[in-house]
Amino acid sequence: MLNLWRPFTQHAIAADAPVVTHAEGAYLYQADGKKIFDAISSWWVTIHGHSEPHIASAIRAQTEKLSQIIMANFTHEAAQEFVHKLSHAVDPKFAHVFLSDSGSTAMEVAIKMAVGAHFHNGEAQRTKIIAFDHAYHGDTIGTSSVGARGVFTKPNEKLLYDVLRVPSPADDAAACLKNLEVMLGALHDEIAAVVIEPLVQGSGGMKFYSADVLDQITLMTQRHGAYMIFDEVMTGFGRTGTMFAYQQCKILPDIIALAKGLTGGFLPMAATLATDEIFDAFYYEDRAKTFFHSTSYTGNALACAAAVANLELWESGTPQKNVDALAALQQKFLDEIATHPAVKNPRRCGTITAFEMEDASGNYLSDISPRLQKFSLERGILLRPLGNTLYVLPPYCTTEDDLENCYVVMREFMDQVTARAA
Ligand SMILES: *Cc1c(COP(=O)(O)O)cnc(C)c1O
């Protein structure tokens, strides 16, 4: 009997996964009739809500015309329209967009672009990448090399390439800047790129830091001739309060990776945005200087149609209004729960709230996460703490009642845990 091997799942101890038959708005509906509030936007991809009708109908219409063709030889209307719309949504500095399938591939592409651009520009010695403590950029060998190391990367450690590591700006901004300056100064002509999640380090524990510090990081990086890569895979499409996190910065990066919310959470597609300088480094009559990267489904027409419909929604202004309203509600409930004795370091960035639970060990394998997952699911809420960091990252259609109920359940859980500890 063939079994489904689920992601990030220890099957020896995991309960059977409930079957979800349909999803709408902020809710998942199980086969047994139970309704689940999706407080984590199904791993951060569902931005507007499930089954958003405008995107659903755009995909349906596209299936009547064209689903997939080889992008190395052809283009299609959905891709052209996507590029056209995206060019209105992002800064004109980003004049080139490369399509792939996931956040990991968008980041692999970003890193290959940066290293390759230096290579073709006569700086083949620029191969080193600088990344930060707690970073997460994907689970492929290449992106997990750049991400923080730990229990997740242990079995593959020998396969990972070396990356220079500096303290996280969220832990200690001064130490981060100082270490980065020293490193860039000492190895100035060997650094290809600095890679960062702008404003929020997501998987590393919803760690927030300011746009001002990010500006200083970018400035320093570019002053030393290295490329700055923003991994906006999670922050893109409203999460941090603006459509993109970089819009809160004064200094723009050289490369931006987008994925998760790009199709509104409907289909896998990712985009890596690059400046003229990056593109031009590969622009020669010499075929050897081609950017050699592709995935079979590059520019999938259904995904492009979904992304176009998503961008149309953003053009309408409604998502931004919903983001603003959700951010205000999140602040209200965060302020309320912040008074709970088990809550440590309550914080919010845009539509995301997070805090640590005080009497947990702080280790990712601590059992707070599975216990809260079970507790909340029994009460109709999907939560998935990162170690002892609880966070709420819901779709933008979330109502005040949905959210209030979510915080009530988190409070009940903390009451129960603290009562038992006392
Ligand atoms: C989720 C995530 C990725 C990886 O995206 P996938 O689509 O899962 O490959 C990369 N970077 C960040 C910041 C992410 O949150």
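Student: What makes strand 1 and strand 15 the edge strands of the open sheet with the order 1-2-3-15?

Tutor: In this predicted model, four strands form that open sheet, and their pairing is mixed. Strand 1 (20–24) and strand 15 (381–382) each pair on one side only, and they are the edge strands.

Student: How do you know that strand 2 and strand 3 pair, and in which sense do they run?

Tutor: Two strands count as paired if at least two bridges are found between them. Strand 2 (residues 27–30) and strand 3 (residues 35–38) are joined by three bridges, so the criterion of at least two is met. The two strands run antiparallel. Within this pairing, Y29 stands opposite K35 of strand 3.

Student: What is the strand order of the open sheet formed by seven strands?

Tutor: The order is 4-12-11-10-7-5-6, again with mixed pairing. Strand 4 (96–100) and strand 6 (164–166) are the edges, each pairing on one side only. On average, neighbouring strands of this sheet are turned by 20° against each other, direction ignored.

Student: What makes strand 5 and strand 7 a pair?

Tutor: Three bridges connect strand 5 (residues 128–132) with strand 7 (residues 191–196), so they satisfy the requirement of at least two. Their sense is parallel, and I130 has V194 in strand 7 as its bridge partner.

Student: Which helices lie against these strands?

Tutor: Helix 6 (residues 173–186) lies across strand 5, strand 6 and strand 7, at about 150° to strand 6. Helix 7 (residues 211–223) packs on the sheet and touches strand 5, strand 7 and strand 10 (227–231). The direction of helix 7 makes about 145° with that of strand 10.

Student: Why is the pair of F8 and W43 called edge-to-face?

Tutor: A pair of aromatic rings is described by the distance of the centres and the angle of the planes. The centres of F8 and W43 are 6.1 Å apart, within the 6.5 Å limit, and the planes stand at 80°, over the 60 degrees required, so the pair is edge-to-face. F8 lies in the segment before strand 1 and W43 in helix 1 (residues 41–44), 35 residues apart.

Student: Why are F8 and W43 called partly exposed?

Tutor: Partly exposed covers values between the limits of 20% and 50%. F8 has 45% relative accessibility and therefore belongs to this class. W43, at 36%, belongs to it because that value also falls between the limits.

Student: Why is the pair of W44 and Y391 edge-to-face?

Tutor: The ring centres of W44 and Y391 are 6.0 Å apart and the planes stand at 85°, so the pair meets the 6.5 Å limit and exceeds 60 degrees. W44 is in helix 1 and Y391 in strand 16 (residues 389–392), 347 residues apart. Both residues are buried.

Student: Which residues touch the most other members of the largest nonpolar core?

Tutor: Of its 91 residues, these are F82, M206, I217 and F237. Helix 12 (residues 400–421) gives the most to this core, with eight residues. The contacts of M206 include W44, R347 and Y391.

Student: How do you know that the distances of K289 and R347 fit a charge over a ring?

Tutor: The distance limit is 6 Å from the ring centre. K289 lies over the face of Y284 at 4.0 Å from the ring centre, within that limit. The charged end of R347 sits over the ring of F208, 5.7 Å from its centre, which is also within the limit.

Technical notes:
Residues numbered from 1 in each chain as written. Predicted model: local features only at pLDDT ≥ 70, side-chain atom pairs only at ≥ 80, totals over all residues. Heavy atoms only, no water. Axes fitted to C-alpha atoms, helices over the stretch in contact; angles between N-to-C directions. Contact = heavy atoms within 4.5 Å. Core = buried A, V, L, I, M, F, W, Y, C linked by side-chain atoms within 4.5 Å. Buried < 20%, exposed > 50% of the residue type's maximum accessible area, 1.4 Å probe, protein only. Phe/Tyr/Trp six-rings, centres within 6.5 Å; stacked < 30°, edge-to-face > 60°. Lys NZ or Arg CZ within 6 Å of the ring centre and 35° of its normal. Lists of a residue's contacts leave out its neighbours within four places in sequence.
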